[in-house]
Amino acid sequence: MSKVEVASTARRQTRIEPSALEEFAKNFRGELLKPGDAGYDEARAIWNVMIDRKPALIARCRGVADIRAAVNFARENSLLVAVKGGGHNIAGNAVCDGGLMIDLSLMRSVRIEPDTRIAHVEPGATLGDFDCEAQAFGLATPLGINSTTGVSGLTLGGGFGWLTRKYGMTVDNLVSVDVVTADGKFVHASEKNHPDLFWAIRGGSGNFGIVTRWEFKLYPLGPEVYVGLVVYSLDDAKPVMAKYRQFVSKADDNTSVWFVMRQAPPLPFLDQKYYGSDILVFACFHPGSQSDAQKAFEPVRQFAKPLGEHFGLQPYCTWQTLLDPMLTPGARNYWKSHNFAEISDGLAEVLVKYAKMIPHPETEIACACLGGAASRISPSATAYPHRNAVHVMNVHGRWREASDDEKCISWARNLFKETAQFSSGGVYVNFLTQEETGDRVKTAFGSNYERLLKTKKKYDPQNLFCMNQNISPDE
Ligand SMILES: Cc1cc2nc3c(=O)[nH]c(=O)nc-3n(C[C@H](O)[C@H](O)[C@H](O)COP(=O)(O)OP(=O)(O)OC[C@H]3O[C@@H](n4cnc5c(N)ncnc54)[C@H](O)[C@@H]3O)c2cc1C
């Protein structure tokens with residue numbers, strides 16, 4: 001093999017000698033791709049096309065042995081390392097310029113133990129892979145809302161979705177992990193084994209090693225759930241949001257109602273005359289019986305006179321892909337996020353003001369509703385600290401042309417600035433963009449930062465795993 005240039009970082013300016021690369025390639029079961037190789041561009045592509053980086057080498061792993069070999073190769077040759085799970089992180093940390101990209105996306109197996117209600121998940125599995133296998137046995141665990149997202153990155157940041165109010169964050173349902181640490185060792189971590197590492201993995205991002213297998217608890221669900229959407233005009237937002245605030249304050253753990261402000265997409269149940277108009281949508285999920293769900297959602301349908309609504313029973317797996325068409329890879333994306341304890345009148349006013357100035361039809365202001373079981377866990381129980389975050393706002397700037405970058409990014413930044421006064425503090429680490437480093441990362445780890453730093457110094461003192469929301473061991 002020819003020489004491969006790798007990126008220069010402060011401590012990693014390295015060329016790979018052909019002999020070293022040949023040695024690495026000898027026992028590697030997966031694929032090793034260099035620029036120009038067939039499949040190289042597909043393998044380096046990630047969800048957010050704003051990030052366009054070219055690794056010197058992509059190691060597409062087929063098993064734990066490949067992952068260990070790649071970690072050892074990177075360390076011994078002082079390479080810059082990026083790790084790709086599902087490739088959805090907005091900051092683009094799954095891919096590096098130069099250096100070695102360790103790509104886990106060929107490892108997507110999910111094995112369900114129906115009797116013990118346990119899932120064993122490989123590190124390249126997507127949420128869709130997981131849901132599909134678990135639902136074959138009528139089981140599920142809290143995951144996110146877009147089926148192509150990677151289980152790995154989602155879990156490493158905490159993970160939330162429609163089941164979070166009922167069963168907590170994704171990390172609250174983690175039983176154990178297998179990890180390849182920076183020294184190439186294979187570690188099984190759980191509450192009993194390496195509890196410090198297990199704690200840090202549950203929200204500390206990819207700082208501590210490469211997770212090669214996840215073990216999750218599962219719960220009976222579905223296979224059909226009663227769910228729906230209610231669409232209001234944004235002009236009615238003031239009274240509607242006040243009623244929503246009351247509704248959330250009384251909602252039980254089964255009832256999850258999230259909202260989105262955007263321009264109306266061509267929803268089949270909506271009169272065409274509303275397409276493109278400013279709307280406020282409530283997405284309603286309930287894991288219980290149809291009658292309980294109908295009762296729970298009734299107030300949401302009465303917030304005002306809806307422009308349209310659609311409710312019904314549908315397979316949980318279908319619901320989990322509902323938003324996929326609006327979240328496909330290939331667009332330019334820029335996010336900003338705050339946590340809120342409630343949506344006050346003042347906050348709602350600012351959201352509506354910006355929703356009326358949305359710079360592109362694919363852009364939206366989305367707000368998840370957590371709380372419930374997730375909020376009854378101590379902030380120090382796992383590395384994910386934001387147990388008081390009832391609403392997690394994602395200002396989701398999304399557009400197609402580079403010429404719109406400035407317009408869309410400044411809209412998102414201005415909205416972020418104007419809503420900061422309402423924030424309950426902290427930010428979800430998985431929503432941080434590439435320029436949000438340093439103190440912003442500390443804000444994301446909140447009160448758990450010092451403990452995470454100690455764990456980083458123990459498991460990755462040389463910061464081999466630095467392409468993430470990084471905790472620098474040099475501090
Ligand atoms: C369309 C969309 C919808 C989303 N919806 C939700 C949601 O509903 N709920 C929610 O909680 N989040 C959501 N997110 C955020 C999501 O959780 C993060 O983007 C997450 O990082 C994606 O994980 P990934 O494996 O796809 O990403 P990647 O970009 O592959 O990885 C993310 C980070 O984790 C590291 N990493 C990946 N795999 C491993 C591993 N096995 N071991 C160690 N480090 C690893 C990477 O190096 C990188 O730093 C969404 C994101 C998108 C783009």
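**Sheet, core and ligand shell**

In this predicted model, seven strands form an open sheet with antiparallel pairing, in the order E17-E14-E16-E15-E19-E20-E18. Strand E17 (308–315) and strand E18 (332–340) take the edge positions, and each has a single partner strand, so one side of each is left without a neighbour in the sheet. From one strand to the next, the twist averages 15°.

A look at individual pairings helps with orientation. Strand E15 (residues 256–263) and strand E19 (residues 364–369) pair in the antiparallel sense over three bridges, and Met-261 stands opposite Ile-365 in E19. Helix H12 (residues 405–419) lies across E18 and strand E20 (391–399), and runs at about 5° to E18.

Ile-365 appears again in the largest nonpolar core, which has 147 residues; Ala-70, Val-81, Leu-100, Ile-102, Ile-201 and Ile-365 have the most contacts inside this core. Strand E16 (residues 278–286) provides the largest share of the core, with seven residues. Nonpolar side chains tend to be buried together in soluble globular proteins. Leaving aside residues up to four places away in sequence, Ile-201 touches Leu-156, Val-177, Val-179, Ala-189, Phe-208 and Val-211.

Turning to the ligand, 34 residues surround it, and Gly-85, Gly-86, Gly-144, Gly-150 and Gly-153 come nearest. At least two residues of this shell are supplied by each of strand E5 (81–84), helix H5 (151–157) and strand E12 (210–217). The largest share, five residues, comes from H5. By type, the shell holds 15 nonpolar residues, 18 polar residues and one charged residue.

Technical notes. Residues are numbered from 1 along each chain as its sequence is written. This is a predicted model: local features need pLDDT of at least 70, side-chain atom pairs count only at pLDDT 80 or more; totals for chains, interfaces and linings use all residues. A nonpolar core is a set of buried Ala, Val, Leu, Ile, Met, Phe, Trp, Tyr and Cys residues joined through C-beta atoms within 7 Å. A residue is buried if 20 or more other C-beta atoms lie within 10 Å of its own, exposed if 12 or fewer, and partly exposed in between; C-beta atoms are placed from the backbone. Helices (H or I, at least four residues) and strands (E, at least two) are DSSP runs, numbered from the N terminus. Two residues are in contact if their C-beta atoms, placed from the backbone, lie within 7 Å. Two strands pair if DSSP finds at least two bridges between them. Axes are lines fitted to C-alpha atoms, for helices over the stretch in contact, and angles run from 0 to 180 degrees between N-to-C directions. A residue is near a molecule or strand if its C-beta atom, placed from the backbone, lies within 6 Å of it. Ala, Val, Leu, Ile, Met, Phe, Trp, Tyr, Cys and Pro count as nonpolar, Asp, Glu, Lys and Arg as charged, and the others, Gly among them, as polar.
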